[in-house]
Amino acid sequence: MRVVLVLLHILIYLLYQISLMMKKSIFVSFGIIFILLLGMNNIQLTGVEFKPTTEISTDAISIDGVIGTNEYTHSLVMKTSPYVKMYYNIIRGEIFMALEMDAKGWISVGYEGTGAMSGYDMITGGFDATLNQAYIFDAFGIGKVVPPPDGIQNINLFAASESSTRTILEFSRNLNTGDSVADKVLIPGKLVTMVWALHASSDDISIEHTIAGKVSGGYVFIGPPAAPSTLTKSVTETSVSLSWTPPAGDGGSPLINYKIYRSDNNGSSYVQVGTSTSTSYVDTTVTTGVIYYYKVTAVNNNGESGDSNVIVALPLGLITEPRSVSASYTSEQVTINWLTPTSTGGIPIHYNVYKSMNLSGPFLKIGTTQSTSFTDTPVLNGFTYYYYITSENIYNESLKSTTVSVTPIGVSSEPRFLSIINGDNSANLSWTKPVTDGGYPITQYKIYRSSDNVNFVNIGTNSSQTGFLDNGVLNSFTYYYYITSINQAGESKKSAVQRVTIANTPLPPTNLTKTEGDSFVYISWNPADGRGYTVLNYTVYKMDAQSGTFSLVKITSTNSYNDTGLKNGQTYVYQITANNSVGESGYSFQITGSPSTTPGQVQNLTVKSYISSIGLTWKAPKDDGGAAITHYNIYRSTDNSSFSKTKTTQLRYFLDKNVTPGTNYYYYVISVNKNGYGTTSPVTYIKLIGLPSNVTNLTGVFTGVSNVIKWESSVDTGGSSNLSYEIYRTFVKDSPPILIGKTSQLNYTDSDIIFDETYYYSIMVVNEAGKGDRSAYVGVLTSSIPDKPESLSILAGDKIIVLSWLPPQSNKSVAQLYLVYRAEGNGSFTNYANTTEFYFIDYNVKNNVSYSYHIIAKNQIGLSQRSDIVTGTPQKVNVETIQVTTVSNYKTIYYDNFDISAIMTTSNIFIIIGVFGAGIYVITKLK
């Protein structure tokens, strides 16, 4: 059937090409083909309105030629400009698809090919607005020609639409169409190669596409899993045990469980009888004697698979394996015996006999019998064989019996390859040992001779040597010989009979030499001794590789023979005889020849750049020319012009370490065998990129709101012009840093900072080869001079002045010290005192003298601007009652809120000072 399908494909393709050459409408071309396929396909060629050929759920897809929102679960954009998109849903083993493109013409997609348009399962379609007719067909890519339609069409076209800028096709096909000749099996969850092509404006597929492409990296169809396979069963009277093989693909989502379906009405309708999370299930709800049909599906989050294969089970008594299996032998024969099983399932059974020459198998079924005995013949004595038996009825096969082994011992096999060299009243015989000694050592060989090739007599024996000199012959007579081998069990079969004419016939040719070439073996030899007669010619015999026997291939008057038209790599065996008027000589010594030529081109040469080397790998040629590859020559160039051999290796890989980063390297590889150089591989190119060195002149500065890091580019870029930089930061020098940013610029701004911290930065240069080492650290202190102090206030008492202020309120660095400047009267300001507090008490003042003050904040960076200037005049206080003064508009604090340690005595006045929150409170009391 497969041959018929292949021939049908060829016929269709020829008609298809003829129609294209006739420049007919594509629809006319297809019409011819589809008439030929009438009754074999299910393609639909109708108008705008289409009806599906299978029952599908209306909520799964809308058959209207429009891609609706959420209509399809999955999609793939194959091209963005022009827009080419595939949509699909997978429902119970069938895939419902849509193709949409920004073009008014034909479109084609293909799956699972092997080359450019070769081997792809193609779907091609379009919409002819002139005819108001859509078309779609199932095709198969055979190369860079228009893909011909399949012999069996498995595409169901549902709907199509076309505008001036948009074409939509909606169709379906089974994931496994059953067409093993031309259709690929789509397995959800498995990677498939995928190509597409379209014509922007024409619906005539004989016109070459305007754009085509391949889905990079392939595509994985997402949906329900593939169907389980290899569903098998075993039965008892009350149960059916099922087992199966998991799906080939999980649909891109882990399997949840399996659903088991059963039918008891000849498989016409099924009901679910159970679920399983493993690949087995036991149905105990069966009735003995009722025939059941089973199938299994797999389920994942995307839905339910199609059906597994269907099996039929008839619950009957359990059929058990044969018992007490034994084996016996005679020479070249093994007999196996057994007892009937304990249970036959209630119906007639037969037995299957399985055999292997290895205990681990594989075992092959060698016979079926109704009896409890089986004879296996012929077998080779001296070899061990293994057997087991199963019981089987029309529904089930039992488990296997115990395995028995047997080594038949008997006579050996016959000696092989008898050859004879004649001499003067003598014949020199030689042969090869038998394939097997029959299990006993060979003790001797018997030599038999006849003058008429009918009546043979034993003329001698030889203990263990594979040669014999017969001196009991006469010149000019022809004799026939065969050999047998003897062991403890007896005498073997006879070897092949060989003929020889003694003396007066020429001596066999000597000194055979050979020359091997492309599809030929040239043999030459020294002229034979004619024994007083002229050598008339020579007969060339060649061994048949399958039968192991020689046949005549040439009679030549020269002492050479050129055997042509041979298969390279195959070994041929020759022997020569000489002929004179008396007869034919004995055979010469054998000579073997194996024709060969130079090897083909190495395959899949690839190069890969490493940090400081380039790795080359390749595969052996598809054709080694018939001779083993001895080595490979690697050639290299830096200009793609002047190549030189850089390495000879027997391996199929090479690591080129003598390379310089930034340099272009070109390579090709030639395979070499004993005949010479093979075809040059295509040149493969790579630019070696090394790791870059560190950056230089790394600097950093705090701007007041961020840290700006700058550097100069790497001294050694590794040969790359595509550099980027990674910025690392830490708070503790030489501790492990963290990556905070990447840039292709030579600067970086770090705004994620806090003040009064030292940040350490390091740069790592990155190119195509990887990352270089990190640079040394540069530290940046996030501080600046503080703003001036604010709200400076003054309170003058009796020989005392109290100053208070607020620290700078900006987001700049805080002050670490405050410098108090004082001027007496109209004098100049001097740095009078320093404090870390927000207030200052000046006891060194005189009543009724004017004092002026201002404050400057200081940190490790520098000095702020001065604060506002305040002026106060101390004077004697004549107050009888307690007075509370609030400085800087802060609320009054009661006496008992003050710390006693803050009470200070000066003159006749208690000065009580307390710091609460942001305020300073001064209370004076007359003693």
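Buried means under 20% relative accessible area, exposed means over 50%, and partly exposed lies in between (1.4 Å probe, protein chains only). The structure is a predicted model, in which local features need pLDDT of at least 70 and side-chain atom pairs count only at pLDDT 80 or more, while totals for chains, interfaces and linings use all residues. Residues are numbered from 1 along each chain as its sequence is written, and side-chain values use heavy atoms, with hydrogens and water left out.

Salt bridges were examined next. Side chains of opposite charge can pair when their charged atoms come close. A salt bridge is a side-chain nitrogen of Lys or Arg within 4 Å of a carboxyl oxygen of Asp or Glu. The structure holds 19 of them. One joins Arg 449 to Asp 470, with the closest N and O atoms 2.7 Å apart. Arg 449 lies in strand E30 (residues 444–450) and Asp 470 in strand E32 (residues 467–470), so this bridge ties together parts that are 21 residues apart in sequence. Strands (E, at least two residues) and helices (H or I, at least four) are DSSP runs, numbered from the N terminus. Arg 449 is buried, at a relative accessible area of 18%. Asp 470 is also buried, at 5%.

A further bridge pairs Asp 376 with Lys 355 (2.8 Å, N to O). Asp 376 belongs to strand E25 (residues 373–376) and Lys 355 to strand E23 (residues 350–356), so the pair connects parts 21 residues apart in sequence. Both Asp 376 and Lys 355 are buried.

Arg 92 and Glu 304 also meet through their side chains in a salt bridge (3.6 Å, N to O). This contact links distant parts of the chain, 212 residues apart. Arg 92 sits in the loop between strand E2 (83–91) and strand E3 (94–101), and Glu 304 in strand E19 (residues 303–304). Arg 92 is partly exposed, with 35% relative accessibility. Glu 304 is buried, with 15%. Both residues belong to a network of salt bridges that also includes Lys 259, Lys 295 and Asp 307.

Aromatic contacts were searched across the whole structure, giving 27 pairs. Rings of Phe, Tyr and Trp (its six-membered ring) pair if their centres lie within 6.5 Å; planes under 30 degrees apart count as stacked, over 60 as edge-to-face and the rest as tilted. Tyr 354 and Tyr 388 are stacked, because their ring centres are 4.9 Å apart and their planes stand at 20 degrees. The pair links distant parts of the chain, 34 residues apart, with Tyr 354 in strand E23 and Tyr 388 in strand E26 (residues 385–392). Tyr 354 is buried at 14% relative accessible area, and Tyr 388 is buried at 13%. Elsewhere, ring pairs join Tyr 88, Tyr 111, Tyr 219 and Phe 221 in a cluster.

Charges also sit over rings. The criterion is NZ of Lys or CZ of Arg within 6 Å of the ring centre and within 35 degrees of the ring normal. The charged end of Lys 494 sits over the ring of Tyr 482, 5.1 Å from its centre. Arg 774 lies over the face of Tyr 728, 5.5 Å from the ring centre.

At the surface, Leu 781, Ile 785 and Ile 861 make a nonpolar patch of about 220 Å². Patches are made of residues with over 30% relative accessible area and no salt bridge; like charges are joined within 9 Å, and nonpolar side chains (Val, Leu, Ile, Met, Phe, Trp, Tyr) within 5 Å. Accessible areas come from the Shrake-Rupley method with a 1.4 Å probe; for residues, only the protein chains shown count as cover. Ile 861 lies in the loop between strand E64 (851–858) and strand E65 (863–866). Ile 861 counts as partly exposed, at 41% relative accessibility.
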